[in-house]
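Trainee: I've just opened this one up. Can you walk me through it, a bit at a time?

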Amino acid sequence: MVKLTADLVASSAQFVNALGDREIDLRGNKIPVIENLGATLDQFDTYDLSDNEIRKVDGFPHLPRLKCILLNNNRVVRFGNNLEEHLPHLETLILTNNNVQDLADLDVLHTVKTLTALCLLKNPVAANSSYRHYVINRLPQLRILDFRRIKDKEREEAQRLFGDSKASATSNTFEPGENLPTRALDQPQAPAPAPSVPAVPHKDVQAIRAAIAKASSLEEVQRLEALLKSGGVPGRGDERRKSSGQRSEVEEEEEMDTASNQYNGVS
C-alpha cells in the first residue's frame, strides 16, 4: 500500500477533463486512507481516487472547489460525519463496486445538501429491494441515483413507503454533552389546593358555643363532639324532634337510667 503524501499529489497527472473541470488522477496507487489532500491547494474540481484500498470516505481538508469524487473499485464501507463542512460544494459521488452494506450507512449523507448525483452500483446495499426508494427518501437533494434520473413518481412512492424525510431525519440517539429535555416531573409542583370547608352560618356558631358553655360533664362533651362530627348542630335537631314529637337521645338515655334505678330499688 502507498500512503497518500504531498509528493504523490505533486507527481500525479493533472488535466482538464471532458466536462471542462480540472481533475487530479490519484487512481491505482493502493491508497488505504484519504489524507494530505491539502497539498492540492484546492486547485481541482474532480478527484479521481478509483482503484485504491480506501475503506472510509473521510479525511478531507477544507476544499470548497471540489465538486466530484470518483471512488470506483475501492473497499468503502462507511462515510465520515459532516462531509459538508469540508466539502461545501460536493455535487457528485461515484462509488461503483465498493462494500457499502446497510441502508442506514447512507444516512450521514443527508446533511450534504449540495449532493445531487450518487452511484452505488455493485455495492451489497444496492441488492436490497427497498434500496432505491429508501435512498430517494433519505437523500431528497439527489437528482440522479445510479446514473438514472429520479422521477416524481419515485419520490411519491418513497414518501408513501418511508414517510417524511424531514421528520425521520431527527435523531433520537443521545450524544454525550447535549442538553436533555426538561421533564415535567423535574419541575416544581404547585401545592394541591386545600379542601374547601363550607361556611358555618352565624346562628349555628352561636348554638355550638352555647352548647359547649352549658356542658357540665365529660359525657355531655363527648355527646356534643359526636354530634358535631356527624354534621349536626346542637339545638337544631331538638327543635325538629319537638315539632315531630320525637325525643332526643339524651332524653331517652335519662329515661332508661330512671327506669333502671327504679328496677334496682333506687328512689
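Trainee: Which residues of α3 are buried?

Mentor: Keep in mind that this is a predicted model. Seven of the eight residues of α3 are buried, so the helix is largely enclosed by the rest of the structure. By name, the buried ones are Tyr 131, Arg 132, Tyr 134, Val 135, Ile 136, Asn 137 and Arg 138.

Trainee: Arg 132 is on that list. With which residue does Arg 132 form a salt bridge?

Mentor: Look for a partner in another helix: Arg 132 lies in α3 and the other residue in α4 (residues 152-162), so the pair ties together parts that are 22 residues apart in sequence. The closest N and O atoms are 2.7 Å apart. Both residues of the pair are buried. The partner of Arg 132 is Glu 154.

Trainee: Back to the nonpolar side. Which helix gives the most to the largest nonpolar core?

Mentor: That core has 43 residues, and Leu 37, Phe 60, Leu 93, Leu 95 and Leu 118 have the most contacts inside it. Two helices, α1 (6-11) and α3 (131-138), each supply at least two of its residues. The one giving the most, with four residues, is α3.

Trainee: Leu 37 came up there. Which residues does Leu 37 contact, leaving aside its neighbours within four places in sequence?

Mentor: Start from its place in the core, where Leu 37 is among the residues with the most contacts. Phe 60 is another residue in that group, and Phe 60 also touches Leu 37 directly. The full set is Leu 4, Val 9, Leu 26, Tyr 47, Phe 60, Pro 61 and Leu 63.

Trainee: Now the sheet. Which strands stand at its edges?

Mentor: It's an open sheet of eight strands with mixed pairing, in the order β1-β2-β3-β5-β7-β8-β9-β10. An edge strand has a single partner, so one side of it is left without a neighbour in the sheet. That describes β1 (13-16) and β10 (148-149).

Trainee: And inside the sheet, what is the bridge partner of Glu 23 in β3?

Mentor: Strand β2 covers residues 22-25 and β3 covers residues 46-48. The two run parallel, joined by three bridges. In β3, Glu 23 is partnered by Thr 46.

Trainee: Let's try the loops. Which residue meets Arg 27 in a salt bridge at 2.9 Å?

Mentor: Arg 27 sits in the loop between β2 and β3, while its partner is in the loop between β3 and β4 (56-57), 24 residues apart. Arg 27 is partly exposed at 38% relative accessible area, and the partner is partly exposed too, at 31%. A network of salt bridges links Arg 27, Asp 48 and Asp 51. The one at 2.9 Å, N to O, is Asp 51.

Trainee: How many salt bridges are there in total?

Mentor: Another one to look at is between Lys 56 and Asp 58, 3.5 Å from N to O. Lys 56 is partly exposed at 31%, and so is Asp 58 at 28%. The total count is ten.

Trainee: Last one: how many disulfides are there?

Mentor: A disulfide is a covalent bond between the sulfur atoms of two cysteines. Cys 68 is buried, with a relative accessible area of 14%, and Cys 119 is buried at 0%. Searching the whole structure for disulfides gives a count of zero.

Key:
Residues are numbered from 1 along each chain as its sequence is written. This is a predicted model: local features need pLDDT of at least 70, side-chain atom pairs count only at pLDDT 80 or more; totals for chains, interfaces and linings use all residues. Side-chain values use heavy atoms; hydrogens and water are left out. Two strands pair if DSSP finds at least two bridges between them. A nonpolar core is a set of buried Ala, Val, Leu, Ile, Met, Phe, Trp, Tyr and Cys residues joined through side-chain atoms within 4.5 Å. Buried means under 20% relative accessible area, exposed over 50%, partly exposed in between (1.4 Å probe, protein chains only). Contact means heavy atoms within 4.5 Å. A disulfide is a pair of cysteine sulfur atoms within 2.5 Å. A salt bridge is a side-chain nitrogen of Lys or Arg within 4 Å of a carboxyl oxygen of Asp or Glu.
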